[in-house]
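Work through the exercises below with the coordinates open. Try each task before reading its solution.

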Amino acid sequence: MDERKKRRRLSSAQIIIAGFLAVILLGALLLCLPCATQGEGRASLLDALFTATSSVCVTGLVVQNTATYWSAFGQAVILLLIQIGGMGVVTVAVTITMISGRKIGLMQRSTMQEAISAHHVGGIVKMTGFILKTTLLVELAGAALLAPAFCRDFGPARGIWYALFHSISAFCNAGFDLLGVEQSYASLTAYAGNPLVSVTIMALIIVGGIGFLTWEDVKSRKWRFKSYRMQSKVILTMALVLILVPAAYLYFCEFSRGAWADQSVGERVLAALFQAVTPRTAGFNTVDLTRLSQTGQSLLILLMLIGGAPGSTAGGMKTTTAAVLLLSTLSIFRRRETIRCFGRRIDERVVRDAVAILLMYILLFFFGAMVISYIENLPMLTCLFETASAIGTVGLTLGITPGLGAASRIILMALMFFGRVGGLTIIFAAFSGAQHYTARLPKEKITVG
């Protein structure tokens, strides 16, 4: 009897996947209601399912204009799904349990540990409270900063709603917007030269994308960078590099071309910084991305695949994965047997995980683009941009998503789900009952490179 119970008990990875699937299906059902859309009729099941998946997976790819197609009820459902997806289904469930006064068991703590990529179970409940308070504080502060611009343009009531919606969407790295009233799928292009809106959205994206554990380090250790965890040091260093280097390229190589001659120097700086921040992994844009060169679009694809930090509202392979792969390569070049970083040694198992994640992401994003390109008869680079956006849970688009057929939309939904839940989580869920063997086979050398 005990053995049967053990078999029926779901692993942490399986609980996380089941939670995300349940929220997506519930969200799709709500978006199928007649009151969720403007005008007569209701959304098709595929449109509702795609929108719910994109919301919960905090991606931002859409097949219908969020501002003009969905009603106030539909937009509220989308915002709620974004909030749940950004904080994490498990985090929200644990929060509800805490508020109701019920005891949080070891299984819930273990699942929460895996959901936020914490290193140990101890202090998980306290960490959950910290995540909830910080999230609400940052989102309200962002809304307050955005409110003046939106209230000026849309009136007080609508402006406050827009400010709250875009603050939550930016912090959760979702990329959904309500600014497509005058021009469909316009995103934040109307505010390209507005420093307050651009900087506030960028700050919300960065804060949401550096991860909950990094917040805790910043809170407890303040400016004492040397005392931070190694992971926090890596995350903050990579975040800085992945903002400044792409921004420099975009400013000097992209926005210096004649196609952008109508922009002032200040607008170019803002545009370069914004387009460097948003691919990891927010999905807003302040310029027409189709006007970028193929080199510029390829750079955005790379940034979308890297994504943000583990245990954050962002998706992608994660900045730590890219850092570990880079450090591993450098250690091989220097003929070191161990991988070093900030005076610490990185476990070889972490390197194996990083290689597996990289391979899964590249294969899925490339194979998905090949299939979509074949089905829809579209250029390969355009399809690569769209699949990178989906698997990186970014939401940036070159404008092809609304016109895709059912098969291509299903591929993008699968990539969004994979990117949000995480490749290793899915693998661990699939092979949670696999047997582990302690015996070792004979070792033999194989030449690579």
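**Exercise 1. The cis peptide**

Locate T281 among the helices, then state the geometry of the peptide bond from R280 to T281.

Solution. The model is predicted, and the local features discussed here need pLDDT of at least 70. Start with the place. T281 lies in the loop between α13 (265-277) and α14 (294-306). Next, read omega for the bond from R280 to T281. The value is near -10 degrees, and the bond is cis.

**Exercise 2. Positive phi outside glycine**

Find where V58 and K222 sit, and classify each as buried, partly exposed or exposed.

Solution. Take V58 first. Its phi is positive, about 40 degrees, although V58 is not a glycine. The residue belongs to the loop between α3 (45-56) and α4 (66-69). Now apply the cut-off: buried means under 20% relative accessible area. V58 has 1% relative accessibility, so V58 counts as buried.

Turn to K222. This residue comes just after α11, in the loop between α11 and α12. Its phi is near 55 degrees, again a positive value in a residue other than glycine. Exposed requires over 50% relative accessible area. K222 stands at 48% relative accessibility and therefore counts as partly exposed.

**Exercise 3. Helix α11 and its salt bridges**

Which residues of helix α11 are buried? Which residues are linked with R229 in a network of salt bridges?

Solution. Begin with the helix. α11 covers residues 212-221. Within this helix, F212, L213, T214, W215 and D217 are buried.

Now the charges. Side chains of opposite charge can pair when their charged atoms come close. A search of the whole structure gives seven salt bridges. One of the pairs is R229 with E216, where the closest N and O atoms are 2.9 Å apart. This pair links distant parts of the chain: R229 is in the loop between α11 and α12 (230-254), E216 is in helix α11, and they are 13 residues apart.

R229 also meets D217 in a salt bridge, at 3.3 Å from N to O. Here too distant parts of the chain are linked, with R229 in the loop between α11 and α12 and D217 in helix α11, 12 residues apart.

Check the burial of each partner. R229 has 26% relative accessibility, so R229 is partly exposed. E216 is partly exposed because its relative accessible area is 28%. D217 is at 0%, and therefore buried.

Finally, assemble the network. It joins E216, D217, R221 and R229 through salt bridges.

**Exercise 4. A pair at 347 and 349**

Classify D347 and R349 by relative accessibility, and give the separation of their closest N and O atoms.

Solution. D347 forms a salt bridge with R349. Their closest N and O atoms are 2.9 Å apart. D347 has 32% relative accessibility, so D347 counts as partly exposed. R349 reaches 53% and therefore counts as exposed.

**Exercise 5. Packing of α15 on α16**

At what angle do helix α15 and helix α16 pack, and how far apart are their axes?

Solution. Identify the helices: α15 is residues 319-333, and α16 is residues 348-376. They pack at an angle of about 115 degrees, with their axes 9 Å apart. Therefore α15 is roughly perpendicular to α16. Then take the handedness. α15 passes α16 in a left-handed crossing.

**Exercise 6. The nonpolar patch**

Which residues make the nonpolar surface patch of about 320 Å²?

Solution. The patch is made by L26, L30, L33 and F73. Look at F73. This residue is in helix α5 (residues 72-87). Its relative accessible area is 35%, so F73 is partly exposed. Patch members must have over 30% relative accessible area.

**Exercise 7. A buried tryptophan**

Where is W70, and what separates its C-alpha atom from that of L178?

Solution. W70 is found in the loop between α4 and α5. Its relative accessible area is 0%, so W70 is buried. Now follow the chain to L178. W70 and L178 are 108 residues apart along the chain. Their C-alpha atoms are separated by 9.9 Å.

Methods. Residues are numbered from 1 along each chain as its sequence is written. This is a predicted model: local features need pLDDT of at least 70, side-chain atom pairs count only at pLDDT 80 or more; totals for chains, interfaces and linings use all residues. Side-chain values use heavy atoms; hydrogens and water are left out. Buried means under 20% relative accessible area, exposed over 50%, partly exposed in between (1.4 Å probe, protein chains only). Helices (H or I, at least four residues) and strands (E, at least two) are DSSP runs, numbered from the N terminus. Patches are made of residues with over 30% relative accessible area and no salt bridge: like charges are joined within 9 Å, nonpolar side chains (Val, Leu, Ile, Met, Phe, Trp, Tyr) within 5 Å. Accessible areas come from the Shrake-Rupley method with a 1.4 Å probe; for residues, only the protein chains shown count as cover. A salt bridge is a side-chain nitrogen of Lys or Arg within 4 Å of a carboxyl oxygen of Asp or Glu. Axes are lines fitted to C-alpha atoms, for helices over the stretch in contact, and angles run from 0 to 180 degrees between N-to-C directions. Angles under 35 degrees count as roughly parallel, over 145 as roughly antiparallel, 65 to 115 as roughly perpendicular and the rest as oblique. A crossing is left-handed if the near helix is turned anticlockwise from the far one by less than a right angle, and right-handed if clockwise.
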